[in-house]
Amino acid sequence: MYDWLAESLHTSGTVVTANRRLARVLRDEYGAQQLRAGATAWQTPAIMAWQDWLVTVSDSAEPQDVLPTRINTHQSQWLWERCLRKELGEADVGIANLVRQSRDAWQRLADWQVPIRELVRSVQNHDQRLFAAAAGRYLGLLQRENMVDGAGLSDLVLKLILTGQARPSGRHTFAGFDRQRPVNIAIQEALTATGVVAEFAPHRSLNNECSLQACENDAVELRAAGAWARRCIEKNPEAKVAIIAGQLDSDAERITRLVRDGVTPGWQHGSNDLLNTVNVSYGRRLSEYPAIAVALTLLCWLVRDIPSMDVSLLLRSPLLAAGSPEERSQLELKLRRLPDRRWSPSMITAEFRTREDGRDAGDWLTRLAAFSKRRRELAGTASPAEWAICVDETLLAFNWPGDGPLGSMDFQLVNRWRELLNEFARLALVSPKMGAGTALARLELLAGETVFQPESAQALVQLIGPLEASGSQFDALWLSGMSTAHWPPPGTSSALISRKLQEKYAMPDCTPDDTMRYAEGLLTRLVESADEVVCSYALSEDDAEQTPSDLLLPHVTSKLSSHPDPGLHAATLIAAATTKPAADQVPAVTAGERISGGAATLQRQLKDPVSAFVHGRLNGKVIYPQAVGIPALLRGNLIHDALYKLYIDLPSSSDIRGWSDGDVGARIAVALDFAFVRHERNSDAVLQQLLQLERQRISGLLREFVVVDSSRGDFQIASVEGRFEFVAGHVRLPLRFDRLDSFDDDSIAILDYKTGARKRLLNREHDAQEIQLFVYAAATDAPVSALALVNVDSREISFDGAGRGYTDLDEWPGLLQRITQQVDAACKDMARGDVRINIEQGAQNARSLSLLTRYSELRRDQR
């Protein structure tokens with residue numbers, strides 16, 4: 001392969017490639033050729049991509065002090081944005097996309113050597129007129145400041161060669177240029193005029209075999225391609241095998257996953273060596289890497305408050321602070337159950353510093369307090385370099401990227417981030433000063449537009465796009481997606497340049513014929529680049545039937561091939577999977593064992609014993625989604641807290657009846673302040689309004705509650721928000737009641753407030769629907785004459801109970817004894833290690849534990 005390479009580099013020759021990937025491939029190949037020739041050392045070959053060669057030539061020109069200052073992509077982007085804003089005025093929505101299109105169109109104008117005057121004269125619509133005006137402004141800015149951007153570098157190098165200021169020497173071989181641009185041709189002609197040999201790398205023309213394969217769909221196609229590549233490597237471990245996929249730029253993650261499924265089935269469960277068997281030429285945006293996304297989220301917190309989900313992300317991340325994220329889990333779970341809001345760092349520290357949960361996240365909160373201080377002390381404006389230093393120091397202070405050792409890919413990622421900070425610092429050339437918000441927004445934009453692909457050891461299979469394969473040679477090549485719908489690929493003509501001007505200069509895709517001719521030529525070169533070629537297409541896509549591209553007909557030399565789809569790796573494991581019950585019995589409850597959940601654990605024991613074991617004995621927690629608005633749990637807590645404060649002085653029924661309207665209003669105001677003040681303290685403007693509305697709602701509920709309570713019989717409130725302990729053998733449960741009422745006969749009633757859907761204590765058969773209050777009754781030595789659920793809701797305020805004032809008093813002792821026996825039986829079952837699964841409970845109720853309990857499988861087997 002690449003037989004021409006050594007000769008082209010002989011006697012200080014230079015190889016210029018169309019892209020950096022090909023330059024890297026040729027450097028590796030040259031090294032391999034030298035080793036095969038027995039060399040132990042050799043001069044570094046002059047192999048570089050076109051843009052890098054232009055920089056090298058311009059840097060060699062004399063004198064340097066009169067040359068324009070070269071600006072990078074990010075500086076150019078800043079200037080384009082400034083020029084477009086001048087033309088757009090206030091209507092700058094979607095300007096990032098417009099900047100991208102403008103820079104692409106500007107590059108095309110430079111490559112095809114189109115004068116700005118012709119652009120201005122050719123405009124045909126508002127968008128083209130806007131671009132032409134911004135382009136004129138941009139060009140004037142470059143000329144006035146004596147700058148040159150990446151698009152103008154080719155023209156500058158051309159002038160330097162023609163004037164003799166730059167004198168490239170030695171043979172120059174150009175490789176991988178499938179579409180020659182006029183400026184490239186002009187430079188090559190200028191080189192020839194100065195006596196330099198400028199030539200194209202010889203095109204490899206093989207008498208190869210090209211077969212066609214039809215696949216059911218694109219997933220089958222890509223897995224089959226991966227399996228084919230694996231077989232090629234098994235036949236010849238030294239073979240260069242590649243798979244071409246035309247949509248890598250938009251769907252790289254899915255395509256890569258499917259190809260890996262074919263190359264290395266089960267790669268998801270193996271080491272990184274399996275992951276790296278496929279090298280993907282198209283990287284991801286820097287901001288899409290988790291480490292960079294976490295860093296950007298943290299940095300955004302320097303200039304604006306962030307929502308709960310972002311704070312949750314920072315708490316869960318192992319890349320920040322010391323220790324493991326598990327140590328911060330309790331705080332993160334607590335955060336999920338608070339109303340979503342935009343948090344400032346100081347709001348978080350104020351909310352959690354005094355909580356027990358804050359002790360497990362001490363290091364994180366300490367660093368956050370320092371972060372909050374840094375935020376308050378941020379400078380109003382500073383240079384990009386100063387902001388880059390601030391960013392680096394901020395991340396370092398939060399221990400980013402964590403305590404763990406960095407692997408090769410992580411190390412490259414962190415280095416690329418630091419390179420980006422250096423590039424950001426160089427924005428000082430076009431914007432000497434900027435505010436903190438502008439600086440971080442710009443840094444976020446740069447990270448979002450920077451594509452990063454870590455270098456890895458030589459992979460077995462290359463997964464690349466058709467343009468990136470230009471100039472490369474392979475032993476075996478699979479071309480996927482070769483249907484009529486995808487080949488020729490859609491044209492990429494510029495919407496900002498008039499069609500007439502594009503046709504005049506024969507720009508890319510200016511006509512359908514041009515698109516067709518280019519696709520034909522590209523396909524020919526791809527097919528001729530390997531000894532063995534497989535072209536494939538999907539028979540259907542989005543329920544539409546597909547046919548092979550007509551452009552394949554001249555190349556297919558054999559009948560339809562049949563490279564099988566290996567299918568999903570998980571499916572192959574089903575036959576080998578066996579279910580073997582583990583001889584692992586749940587131990588009995590021991591003395592001193594802590595069981596959480598209170599009476600709700602016994603309620604679970606009666607309904608689904610395994611749930612009681614998971615939540616009560618294992619202390620399993622439900623991971624709730626982030627609360628939005630004021631969640632039901634908080635609404636309930638606000639009502640509980642307000643009722644507690646309303647009756648804190650333990651009034652009797654006669655006292656309540658004696659309250660005047662003014663007394664009731666004053667007591668309710670105090671109760672509401674008590675319930676709401678800590679939630680209002682750390683809330684944003686939206687949450688403040690929601691809490692104000694909730695205040696009004698609960699105020700009305702409390703007034704109605706006083707009316708209903710005063711209409712009941714005589715009682716004396718004996719206690720509010722008190723505690724019991726239930727003990728039955730080794731089962732000990734801490735309990736917390738809402739309210740106790742006492743009567744003249746020294747008996748008590750236990751009340752429990754319910755703020756959600758209406759609850760009933762007993763069903764029609766007088767069986768307990770809610771066992772909680774009966775557990776409370778069993779936990780106290782005082783005679784219990786009544787139990788009641790107090791439903792407090794906007795729809796109604798009602799008491800639903802049993803015993804005195806609710807059911808027949810003569811039947812009450814027997815009812816209480818019967819249900820207490822059920823409670824005792826549930827305790828005995830729990831104590832002996834009962835973890836039965838209630839198959840009859842329904843999928844909805846079993847869902848939270850279904851993966852652990854295998855509920856669905858057990859129910860299916862039962863049928």
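Colleague: Which strands does helix H2 lie across, and at what angle does H2 run to S2?

Modeller: In this predicted model, helix H2 (residues 20–36) lies across S1, S2 and S5. H2 runs at about 160° to S2. Angles go from 0 to 180 degrees between N-to-C directions, so a value of about 160° means that H2 and S2 point in roughly opposite directions.

Colleague: How do you know the order of the strands in that sheet?

Modeller: From the pairing. Two strands count as paired if there are at least two bridges between them. Strand S1 (residues 14–17) and S5 are joined by four bridges, and S5 and strand S6 (residues 198–200) by three. Both counts reach the cut-off of two, so S1 and S5 pair, and S5 and S6 pair. The full order of this open sheet of four strands is S2-S1-S5-S6, with parallel pairing.

Colleague: What makes S2 and S6 edge strands?

Modeller: Strand S2 (46–49) and S6 each pair on one side only. Neighbouring strands of the sheet are turned by 25° against each other on average, with direction ignored.

Colleague: Which residues stand opposite each other across S5?

Modeller: Val-16 stands opposite Phe-174 in S5. Thr-173 stands opposite Glu-199 in S6.

Colleague: Which way do the residues of S5 point, and are they buried or exposed?

Modeller: His-172 and Phe-174 point one way from strand S5 (residues 172–175), while Thr-173 and Ala-175 point the other way. In a regular strand the side chains alternate between the two faces of the sheet. The four residues are all buried, which means that each has under 20% relative accessible area.

Colleague: Why is the unit of S5, H9 and S6 called right-handed?

Modeller: S5, helix H9 (residues 182–193) and S6 form a right-handed β-α-β unit. The name applies because, with the strands pointing away from the viewer, the path from S5 over H9 to S6 runs clockwise. H9 packs on the sheet and touches S5 and S6, and its direction makes about 135° with that of S6.

Colleague: Why is strand S18 described as largely enclosed?

Modeller: Seven of the nine residues of strand S18 (residues 530–538) are buried, so S18 is largely enclosed by the rest of the structure.

Colleague: How do you know which strands pair with S18?

Modeller: Strand S7 (residues 209–215) is joined to S18 by seven bridges, and strand S17 (residues 474–479) pairs with S18 over five. Pairing needs at least two bridges, so S7 and S17 both qualify. Both pairings are parallel. Gln-213 stands opposite Ser-536 in S18, and Phe-474 opposite Ala-530.

Note on methods
Residues numbered from 1 in each chain as written. Predicted model: local features only at pLDDT ≥ 70, side-chain atom pairs only at ≥ 80, totals over all residues. Heavy atoms only, no water. Buried < 20%, exposed > 50% of the residue type's maximum accessible area, 1.4 Å probe, protein only. Contact = heavy atoms within 4.5 Å.
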